[in-house]
Amino acid sequence: MTAPLTIAIGVELNGRPTRVRVAAATTLVDLLRDTLALTGSKVGCGVGDCGACTVLLDGAPVLACLVLAAEVAGRRITTIEDRDDDRLARLRAAFVAEGALQCGFCTPGMILAVRPLADDADAATIRAALVGNLCRCTGYAAIVRAVERAGRAAVKPAGRAAEPRANDPRPRRRPRKPSRG
Amino acid sequence: MADLPALRYSRPRRLAEALTALARPGACAYAGGTDLLVALADRRPWVRFVREVVDIKALDVARGITRVDGALRIGALVTADELMAHAGVRRDVPALAEAASLTAAPALRRRGTVGGNLVTPHPAGDVTTALVALGAVVEVADGRRVRVLPIAEVLTSQAAAWPRQRLILAVRVPHARRSAFEKLAARGAFGRAFVAVAVAVYRGRVRVALGGVGVRPCLAPATAVALWQGGDVAAALVADCQGTGPARVSAHRLRMAAVLATRAFARARA
């Protein structure tokens with residue numbers, strides 16, 4: 001028996017069941033970007049040194065450049081494009097509100113890396129979660145503030161919106177492209 | 001990063017299937033992928049033979065951490081993340097928990113495995129350095145039987161020379177509650193050890209392992225005696241580092257090793 005060169009996999013991608021056929025030698029980040037057109041996850045170094053490709057695999061941050069697409073069959077993948085996740089939405093808004101990005105290349109990875117943290121995580125915990133994510137623009141202070149801000153926004157959402165609407169980058173809900181299913 | 005070469009992929013669920021798959025020409029065990037995928041993309045010599053990755057992550061026999069009389073059995077698939085969080089590892093072999101916690105960065109620790117750290121040809125794998133000091137033995141599936149090999153025997157065979165029908169299933173680590181790990185690297189996260197020292201203190205003796213001074217992590221018996229008897233640690237390190245690798249160990253590395261060894265010994269004994 002010979003092992004296959006391509007493999008059909010089904011995953012839950014940002015909450016939606018997705019089926020796709022991949023070459024066995026495809027990394028998860030290439031599957032996301034090249035096949036599924038989800039280009040939010042970036043490839044900085046491709047060798048696990050920069051964190052720009054961080055996505056969630058069953059809720060835990062992993063580097064999508066060092067995961068084979070073939071092995072994620074049956075698993076849950078969350079990328080920066082997930083529009084249904086409240087904490088991701090708060091994090092995106094808080095990064096804008098705090099000016100926690102300049103070029104933005106590292107931002108999706110940063111946000112996914114801190115997604116599993118509790119809303120009341122302190123600065124030390126946030127920094128520890130981000131040691132594997134490089135930003136060459138901002139110096140990290142604003143990034144940590146943004147994560148703290150996103151946490152506060154969850155704790156007291158009552159009354160007026162926690163973030164100014166003008167700064168809310170959440171895209172409007174659009175019909176999904178059927179080609180991705 | 002360059003693209004990966006063309007690869008076949010299989011994910012056996014049973015050990016016998018995995019061993020059959022690994023016997024195929026060009027087959028290579030695949031677990032965390034944190035070293036293998038980078039090496040494949042870089043076309044490094046030690047993975048030039050690889051045409052098929054055999055994903056062993058579905059093998060239950062290589063999972064989990066259990067107690068076996070006076071030791072912990074740590075599955076080859078256990079990740080650095082699991083090691084550093086495990087209460088039994090932290091209590092019974094703290095040097096191993098410390099080594100795991102100082103490895104790479106969170107997303108890599110979540111993937112990198114104990115078995116992978118043993119077979120990847122790195123001079124200073126943190127987990128491996130700790131395992132050497134802790135006197136770990138390695139469970140290896142070899143054909144139909146499971147053999148228990150000293151860790152040094154596993155470390156001396158390079159990945160490409162590792163017999164393909166063999167698979168590391170677990171390590172067994174005797175308890176050493178008085179043990180510690182110290183590492184010097186360029187920065188806190190990601191830093192591969194410039195030099196690392198693991199120390200385990202037992203009743204009446206000490207075992208010391210060094211990372212970064214040779215081809216693979218190794219024991220430092222003279223240093224152990226010097227620490228135990230209050231002797232000249234620096235001189236002992238010079239003796240221990242003779243012939244550990246192709247190049248002479250630099251004076252700076254030796255000096256730093258002495259600092260780390262003294263520090264680790266003090267913490268382990270406390």
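This is a guided tour of a predicted model, with suggestions of what to select at each stop.

Begin by selecting chain A on its own. Along its 181 residues, of which 46% count as buried, you will find five helices and five strands, and if you follow the chain from the N terminus, its elements come in the order β-β-α-β-β-β-α-α-α-α. Among the contacts in chain A that link residues at least 6 apart in sequence, 61% join residues at least 24 apart.

Staying in chain A, select helix α2 (residues 86-97) together with helix α5 (residues 141-155), which pack with their axes 8 Å apart and at an angle of about 130°. Since angles over 145 degrees count as roughly antiparallel and those from 65 to 115 as roughly perpendicular, α2(A) is therefore oblique to α5(A). The crossing of α2(A) with α5(A) is right-handed. To see what fills this contact, show the side chains of α2(A) that take part, including Arg87(A), Leu91(A) and Phe95(A), and those of α5(A), among them Val147(A), Arg149(A) and Ala153(A). By class, the contact of these two helices holds nine nonpolar and three charged residues, with no polar ones.

Next, bring chain B into view and look at where it touches chain A, a contact that takes 26 residues from chain B and 27 residues from chain A. On the side of chain B, the elements that give two or more residues are β1 (8-10), α2 (36-41), β3 (52-55) and α6 (106-109). The residues on this side of chain B divide into 16 nonpolar, four polar and six charged.

Now move to the open sheet of five strands in chain B, whose order is β4-β5-β8-β6-β7, with antiparallel pairing. The strands at the edges are β4 (65-68) and β7 (145-150) of chain B, each of which has a single partner strand, so one side of each is left without a neighbour in the sheet. On average, and with direction ignored, neighbouring strands of this sheet are turned by 30° against each other. Within the sheet, select β6 (residues 137-142) and β8 (residues 166-174) of chain B, which run antiparallel and are joined by six bridges; here Ala141(B) stands opposite Leu167(B) of β8(B).

For the last stop, select helix α8 (residues 126-133) of chain B, where eight of the eight residues are buried, so the helix is largely enclosed by the rest of the structure. Among these buried residues are Asp126(B), Thr128(B), Leu131(B) and Ala133(B). Just after α8(B), pause at Gly135(B), which takes a positive phi of about 65°.

Terms used. Residues are numbered from 1 along each chain as its sequence is written. Chains are lettered from A and ligands numbered from 1 in the order in which they are written. This is a predicted model: local features need pLDDT of at least 70, side-chain atom pairs count only at pLDDT 80 or more; totals for chains, interfaces and linings use all residues. A residue is buried if 20 or more other C-beta atoms lie within 10 Å of its own, exposed if 12 or fewer, and partly exposed in between; C-beta atoms are placed from the backbone. Helices (H or I, at least four residues) and strands (E, at least two) are DSSP runs, numbered from the N terminus. Two residues are in contact if their C-beta atoms, placed from the backbone, lie within 7 Å. Two strands pair if DSSP finds at least two bridges between them. Axes are lines fitted to C-alpha atoms, for helices over the stretch in contact, and angles run from 0 to 180 degrees between N-to-C directions. Ala, Val, Leu, Ile, Met, Phe, Trp, Tyr, Cys and Pro count as nonpolar, Asp, Glu, Lys and Arg as charged, and the others, Gly among them, as polar. Angles under 35 degrees count as roughly parallel, over 145 as roughly antiparallel, 65 to 115 as roughly perpendicular and the rest as oblique. A crossing is left-handed if the near helix is turned anticlockwise from the far one by less than a right angle, and right-handed if clockwise.
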